[in-house]
Amino acid sequence: MSTLFYPIQLLRSTTSFIYTLFLLSVLFISGCSTIPPIDKKEPVITVPVCPVCKPTTCPKVAEPIKKVAKKTRGELNLPVIGGVENVVVEPLNLKFEARIDTGAKSTSIHAENIQLIEREGKRFVRFSLYDSKTKSLVEVERRFRRRVIIKQQDGNNEMRYVVTLWLTLGKNKDEVEVNLTDRSAFDYQLLVGRNLLTDRAIVDVSLRHTLRP
């Protein structure tokens, strides 16, 4: 009996020790649960602060481009003339109602009795112009310049003599080349072409007799 007593007592002591250790562990764990929880504070929201900008001047707003109507007279301030104007042949002071034609390159006039003559080795053209005041023909003689070939509407070509005449159109007085021809079939004895109009006038065919010679 004595031999078995001691192991049994030792076993009981060991069991008691383990049981005590177990109780202490349980108490320790339960004690940890009694620790008051840490208060969770709400997060602080930080509002971003905009940096202070230096004052700047507003950019200038471009003004809309205004369309200005071009002047009727153009950059050269040319007079506006009609499709029919009075023209004076100087120095004969012969007044003609002329057809203004920007499509014609040169100026032509009705002439009669056209003759090419030579005097002292120089060639001249002798011809007659009609004077509407006296209703008679006025003989004129001018230096011969050249001949030109004019293509007619019917397809035929016409040879014409060219001379220079002083013509007054409004305030403009110029010496221009004029070809001589028979214009008896036309309404106007004088046709003014571009050689008298260029840089001198703007033509508005809807107008008539806008100038005073």
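## T181 and its polar contact

In this predicted model, the side chain of T181 makes a polar contact with the side chain of R160, at 3.5 Å. T181 belongs to strand β9, which covers residues 172-181. R160 falls within β8, a strand made of residues 157-169.

Is T181 buried or exposed? T181 counts as buried because its relative accessibility is 4%, and the cut-off for buried is under 20%. Setting aside neighbours within four places in sequence, T181 touches S108, I109, H110, A111, I114, E158 and R160. R160 therefore appears twice for T181: as a contact and as the polar partner, since a polar contact needs N or O atoms within 3.5 Å.

## N156, ahead of β8

N156 sits in the loop between β7 (146-151) and β8. Its relative accessible area is 48%, so N156 is partly exposed. The cut-off for exposed is over 50%.

Which residues does N156 contact, apart from neighbours within four places in sequence? They are I150 and K151. Both lie in β7, the strand of residues 146-151 that precedes this loop.

## Strand β1 and its three partners

Strand β1 runs over residues 80-90. This strand is mostly covered, with 10 of its 11 residues buried. β1 pairs with β2, with β8 and with β11.

The pairing with β2 (residues 94-100) is antiparallel and uses six bridges. Within it, V87 has F96 of β2 as its bridge partner. β1 and β2 make a hairpin, with three residues between the two strands. One residue of the turn, N93, has a positive phi of about 60°.

β8 also pairs with β1 in the antiparallel sense, over four bridges. Here V88 stands opposite T168 of β8. The pairing with β11 (residues 202-208) is parallel and has four bridges. In that pair, G82 stands opposite D204. As a general point, side chains in a regular strand alternate between the two faces of the sheet.

## The β4-β5-β6 sheet

Three strands form an open sheet in the order β4-β5-β6, and their pairing is antiparallel. Which strands lie at the edges? They are β4 (112-119) and β6 (136-143), each of which pairs on one side only. From one strand to the next, the twist averages 25°.

β5 covers residues 122-131. Six bridges join β4 and β5, and the two strands run antiparallel. One bridge pairs I117 with F124 in β5. I114, one of the contacts of T181, is part of β4, which spans 112-119. T181 itself belongs to β9.

## The whole chain

How many helices and strands does the protein chain have? There are two helices and 11 strands. Along the sequence, the pattern is α-β-β-β-β-β-β-β-β-β-β-α-β. A helix opens this pattern, and a strand ends it.

The protein chain has 213 residues, and 27% of them are buried. Its exposed area is about 17000 Å², with carbon and sulfur atoms supplying 57%. Among contacts with a separation of 6 or more, 53% join residues 24 or more positions apart. The contact between T181 and S108 and the pairing of G82 with D204 are examples of links across the sequence.

Definitions and conventions: Residues numbered from 1 in each chain as written. Predicted model: local features only at pLDDT ≥ 70, side-chain atom pairs only at ≥ 80, totals over all residues. Heavy atoms only, no water. Pairing = 2+ DSSP bridges. Axes fitted to C-alpha atoms, helices over the stretch in contact; angles between N-to-C directions. Buried < 20%, exposed > 50% of the residue type's maximum accessible area, 1.4 Å probe, protein only. Contact = heavy atoms within 4.5 Å. Areas by Shrake-Rupley, 256 points an atom, 1.4 Å probe, with all protein chains shown as cover. Polar contact = N/O pair within 3.5 Å; in protein donor to acceptor, adjacent residues only side chain to side chain.
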